[in-house]
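Me: I'd love a close look at one spot in this model, together with the setting it sits in. Could you take me through it step by step?

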Amino acid sequence: MRLETGKMWAKVTKKRGTDFQVSTPTSVASVKGTKFVLEEGNGQTLLWVLEDIVEIALAGGYVVEVNAGEYAKATSEGIEKGVIQDDQIPVEPGKHEIIIYLNQQNEGSQQQKELHIEFEH
């Protein structure tokens, strides 16, 4: 698969003897079964690995393995790798529900209420 610009969300099922690759102008990502997000633009590739491992390679043959919970930023100069922070996790496309639990405590009594928020991404 080729991604010239933009973002893709992929969940690849493991199959024996098969590879899934996404080529961008900056790099190539290879997986055998995982969940990941790949974004290409402005001369860089951003990769967030949500499950398993993805290999990302530059044209010169430099390869880095990115594990679940890690991200990589690939440019023509190299690949930077780090741990995904909570505020950096991409949202999977589709419908989502967030439940917020509110606890209220008054003189000897305690109540818990739920706030349900649904959104589509």
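Me: Please start from Thr 45, in strand S5: is Thr 45 buried or exposed, which residues does Thr 45 touch, and what order do the strands of the open sheet of five have?

Reply: Happy to; I'll begin with the residue and then work outward through its strand, the sheets and the core. Please keep in mind that this is a predicted model.

Thr 45 belongs to strand S5, which covers residues 44-51. The relative accessible area of Thr 45 is 0%. Buried means under 20% here, so Thr 45 counts as buried. The side chain of Thr 45 has a polar contact with the side chain of Thr 24, at 2.9 Å. Thr 24 also appears among the residues that Thr 45 touches once those up to four places away in sequence are set aside. That list continues with Thr 26, Ser 27, Leu 38, Glu 39, Glu 40, Ile 56, Ala 72, Lys 73 and Ala 74.

Now to the pairing around Thr 45. Ala 74 in S8 is the bridge partner of Thr 45, and Leu 46 stands opposite Lys 73 in S8. S5 and strand S8 (residues 70-75) run antiparallel and are paired over four bridges. S8 itself is mostly covered, with five of its six residues buried.

On the sheet level, S5 and S8 are members of an open sheet of five strands, ordered S1-S4-S5-S8-S9 with antiparallel pairing. At the edges of this sheet are strand S1 (6-12) and strand S9 (78-83); each has a single partner strand, so one side of each lacks a neighbour in the sheet. From one strand to the next, the twist averages 15 degrees. As general background, strands of a sheet pair through backbone hydrogen bonds, in either a parallel or an antiparallel way.

Following S8 onward leads to S9. S8 and S9 form a hairpin with two residues between them, and they pair in the antiparallel sense over six bridges. One of the bridge partners is Lys 81 in S9, which is matched with Ala 72; Ala 72 is also among the residues touched by Thr 45. Gly 82 lies in S9 as well. At 15% relative accessibility, Gly 82 counts as buried. Leaving aside neighbours within four places in sequence, Gly 82 is in contact with Gly 69, Glu 70 and Tyr 71. Gly 82 and Tyr 71 are 11 residues apart along the chain, and their C-alpha atoms are separated by 5.5 Å.

There is a further sheet to place beside this picture. An open sheet of four strands has the order S2-S3-S6-S7, again with antiparallel pairing. Its edges are strand S2 (20-23) and S7, each with a single partner strand, so one side of each has no neighbour in the sheet. Here the twist averages 20 degrees from one strand to the next. S6 and S7 pair in the antiparallel sense over five bridges, and Ile 53 stands opposite Asn 67 in S7.

Next comes the nonpolar core. The largest nonpolar core has 19 residues, and those touching the most other members are Phe 36, Leu 38, Leu 47, Val 54, Ile 56, Val 66 and Ile 79. At least two residues of this core come from each of S1, strand S3 (27-31), strand S4 (34-41), S5, strand S6 (53-58), strand S7 (63-67) and S8. In soluble globular proteins, nonpolar side chains tend to be buried together. Leu 38 and Ile 56 bring us back to the start, as both are touched by Thr 45. For a view from within the core, take Val 54: not counting residues up to four places away in sequence, Val 54 touches Ala 29, Ser 30, Val 31, Thr 34, Phe 36, Leu 47, Val 49, Val 64, Glu 65 and Val 66.

Finally, the chain as a whole. The chain has zero helices and 11 strands. Of the 121 residues in the chain, 32% are buried. Among contacts between residues at least 6 apart in sequence, 30% join residues at least 24 apart. The accessible surface of the chain is about 8300 Å², and carbon and sulfur atoms account for 46% of that surface.

Definitions and conventions
Residues are numbered from 1 along each chain as its sequence is written. This is a predicted model: local features need pLDDT of at least 70, side-chain atom pairs count only at pLDDT 80 or more; totals for chains, interfaces and linings use all residues. Side-chain values use heavy atoms; hydrogens and water are left out. Buried means under 20% relative accessible area, exposed over 50%, partly exposed in between (1.4 Å probe, protein chains only). A polar contact is a pair of N or O atoms within 3.5 Å; within protein, one must be able to donate a hydrogen and the other to accept it, and residues adjacent in sequence count only if both atoms are side-chain atoms. Contact means heavy atoms within 4.5 Å. Accessible areas come from the Shrake-Rupley method with a 1.4 Å probe; for residues, only the protein chains shown count as cover. Two strands pair if DSSP finds at least two bridges between them. Axes are lines fitted to C-alpha atoms, for helices over the stretch in contact, and angles run from 0 to 180 degrees between N-to-C directions. A nonpolar core is a set of buried Ala, Val, Leu, Ile, Met, Phe, Trp, Tyr and Cys residues joined through side-chain atoms within 4.5 Å.
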